Amino acid sequence: MDGKWLEVSGPGSGETRRLAIDYRSAGPNLRFVFAGPGGKVWGASGHPPWTFTSDPKTGVTEILGRARSGQAADAAGDRIYSAEYSGGWLSVLDTKRPWTGEGREASDNPRVLGEYQPDINQPYAALVHPDGRHVLMSGWPGYGFVGGGLAIYDLETGESRLIRHPDLVPDQSTYQLAALPNGDIVAGTNISGGHGTRPVAKEGMLYILDWKTKTVVHRAVPVPGAEGVHGLVVARDGLVYAITTPPTFFVFDPAARKVIHRRDLAEYGTIAYNGLKAGPDGKIYAVMAKALLRITPGTYAVEKL
């Protein structure tokens, strides 16, 4: 479809004819977009899954190639770590080298680092830990499974660690990941499981993973009745700013381990896929279905842009 052609094979002669087709559309969804290596914008579409980059200085956009559907990504130095569907793949792209196509060999670029199905099948978050040594990913489990896990990959040793949902939040999928100033991980969950399942839990949760022991040391429901946390950012003040579905903005104090602010955002519609980000000005920006919002840490003011 994206190549705008189809092939017809005759049953008798076996002759194959290629026919050109054309259509207009709004284009595919963008699964992630972020500022990355080289001062460029990096992203991936799905479906169809194409990885692309855009240079804001020159205005030139380049389609690098196809891999699995990149759902989330994070960068460290010249490398981009992508969490991909389906199969819960984690891969690394060396942006200093040409795109050769995804594979498992050292010469492949991107190169597959790990695979985590069925505990993670469709990723939702990717995070390079502040220690620069570990990459984390999380998301939905495989079709028919309830409860998604958390994968931790060691860039120095090449070893993977998978923490399953019973040791995180039973019967829930970890959606959002962020690092606290002390290196611990704060995560938001969703009650949804893999395709074809029905939720077992009633409310999404927020939890803190102790980085040294890799164990959960705190769990809480941040917004009663919300199905999950769909946007989460740790701001410069060390507080956690997040938005749930249905849309409620809340602020969590990880030191006191309590929610210190809540505000209903229903008038702006639901939050977009990975739609909450911190800006270089220290403020938080939210992409909602009906508005673009700016949130000011400290005052918690919400401004419609």
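Here are a few friendly notes to read alongside this predicted model.

1. Start with strand 11, residues 122-128. Seven of its seven residues are buried, so the strand is mostly covered, given that buried means under 20% relative accessible area. Its partner is strand 12 (residues 134-140): the two run antiparallel and are joined by six bridges. Try finding P123, which stands opposite G139 in strand 12.

2. Now look at the turn of that hairpin. Five residues sit between strand 11 and strand 12, and G132 takes a positive phi near 70° there.

3. Next, the largest nonpolar core. It has 19 residues, and those touching the most other members are Y241, I243, F249, L265, M288 and L293. Strands 20, 21, 23, 24 and 25 each supply at least two residues of this core, with the largest share, three residues, coming from strand 24.

4. M288 is worth a closer look. Setting aside neighbours within four places in sequence, its contacts include I243, L265, Y268 and L293. Another core, of 17 residues, lies apart from the largest one; L150, L168, L177 and Y207 are among its members.

5. Which residues are closest to the centre of the largest pocket? They are V33, F34, N274, L276 and K277, out of 38 that line it. The volume of this pocket is about 1,100 Å³. Strand 23 gives the most to the lining, with seven residues, and by class the lining has 28 nonpolar, six polar and four charged residues.

6. Finally, the second largest pocket has a volume of about 260 Å³. K40, W42, L64, T95 and R97 are the closest to its centre among 16 lining residues. Its lining divides into seven nonpolar, three polar and six charged residues.

How values were computed. Residues are numbered from 1 along each chain as its sequence is written. This is a predicted model: local features need pLDDT of at least 70, side-chain atom pairs count only at pLDDT 80 or more; totals for chains, interfaces and linings use all residues. Side-chain values use heavy atoms; hydrogens and water are left out. Buried means under 20% relative accessible area, exposed over 50%, partly exposed in between (1.4 Å probe, protein chains only). Helices (H or I, at least four residues) and strands (E, at least two) are DSSP runs, numbered from the N terminus. Two strands pair if DSSP finds at least two bridges between them. A nonpolar core is a set of buried Ala, Val, Leu, Ile, Met, Phe, Trp, Tyr and Cys residues joined through side-chain atoms within 4.5 Å. Contact means heavy atoms within 4.5 Å. On a 1 Å grid over the protein atoms alone, a cavity is a set of points where a 1.4 Å probe fits but cannot get out, and a pocket is an open set with protein on both sides within 12 Å along at least five of seven lines; lining residues have an atom within 4 Å of a point. Grid points are joined across faces, edges and corners, and a volume is the space filled by probe spheres set on the points. Ala, Val, Leu, Ile, Met, Phe, Trp, Tyr, Cys and Pro count as nonpolar, Asp, Glu, Lys and Arg as charged, and the others, Gly among them, as polar.
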